[in-house]
Amino acid sequence: MPISARNQLAGKIVELTLGDIMAHVVVRVGKNQVESVITRRSAEELGLKKGDTVTVVIKSTEVMLAKS
């Protein structure tokens with residue numbers, strides 16, 4: 001599926017917590033983790049489960065950077 005967002009990171013789901021309405025998804029990207037909160041319905045429709053390989057797509061007007 002083509003998408004306009006350029007910030008795409010491949011990773012693996014390491015934690016998935018399903019609530020009544022929302023789902024908390026933690027994705028390992030290299031040595032880092034990205035956390036996302038999506039609707040439970042979306043998580044179920046995607047069939048997400050721990051260990052799945054996914055692409056994290058970031059589309060934001062504000063991304064903060066810190067110099068190491």
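Start by selecting glutamate 15 and valine 26: valine 26, in strand 2, is the bridge partner of glutamate 15. Before you go on, note that this is a predicted model, where local features need pLDDT of at least 70 and side-chain atom pairs count only at pLDDT 80 or more, while totals for chains, interfaces and linings use all residues. Residues are numbered from 1 along each chain as its sequence is written, and side-chain values use heavy atoms, with hydrogens and water left out.

**The strands**

Strands here are DSSP runs of E with at least two residues, helices are runs of H or I with at least four, and both are numbered from the N terminus. Two strands count as paired if DSSP finds at least two bridges between them.

Now color residues 7-18, which make up strand 1, and residues 22-29, which make up strand 2. These two strands pair antiparallel over 6 bridges, and they form a hairpin with 3 residues between them.

Next, add residues 32-39 for strand 3, which runs antiparallel to strand 2 and is joined to it by 8 bridges. Pick histidine 24 and you'll find valine 37 of strand 3 opposite. Strand 2 and strand 3 also form a hairpin, this one with 2 residues between them. Click on glycine 30 in that turn: its phi is positive, at about 65°.

Then go back to strand 1 and bring in strand 4, residues 53-58. Strand 1 and strand 4 run antiparallel, with 6 bridges joining them. Select glycine 11 to see one pairing: its bridge partner in strand 4 is valine 54.

**Into the core**

Stay on valine 54 and show its contacts, meaning heavy atoms within 4.5 Å. Leaving out residues up to four places away in sequence, valine 54 touches Leu9, Ala10, Gly11, Ile13, Val27 and Leu48.

Now select Ile13, Ala23, Val25, Val27, Val29, Ala43, Leu48, Val54 and Val56: these 9 residues are the largest nonpolar core. Such a core is a set of buried Ala, Val, Leu, Ile, Met, Phe, Trp, Tyr and Cys residues joined through side-chain atoms within 4.5 Å. Strands 2 and 4 each supply at least two of the core residues, and strand 2 gives the most, with 4.

**Salt bridges**

A salt bridge puts a side-chain nitrogen of Lys or Arg within 4 Å of a carboxyl oxygen of Asp or Glu. The whole structure has 3 of them. For exposure, buried means under 20% relative accessible area, exposed over 50%, and partly exposed in between (1.4 Å probe, protein chains only).

Zoom to helix 1, residues 40-46. Arginine 40 and glutamate 44 meet there in a salt bridge at 2.7 Å, N to O. They sit 4 residues apart in the helix, so about one helical turn separates them. Arginine 40 is partly exposed at 28%, and glutamate 44 is partly exposed at 47%.

Shift to arginine 41 and glutamate 45, whose salt bridge comes in at 3.1 Å, N to O. Arginine 41 counts as exposed at 63%, and glutamate 45 counts as exposed at 60%.

Then jump to lysine 49 and aspartate 52, where the closest N and O atoms of the salt bridge are 3.0 Å apart. Is aspartate 52 buried or exposed? It's buried, at 15% relative accessibility.

**Last stop**

Turn on the surface and select Leu9, Ile58, Val63 and Leu65, a nonpolar patch with about 390 Å² of accessible area together. Patches take residues with over 30% relative accessible area and no salt bridge, joining like charges within 9 Å and nonpolar side chains (Val, Leu, Ile, Met, Phe, Trp, Tyr) within 5 Å. The areas come from the Shrake-Rupley method with a 1.4 Å probe, and for residues only the protein chains shown count as cover. Finish on isoleucine 58, which lies in strand 4.
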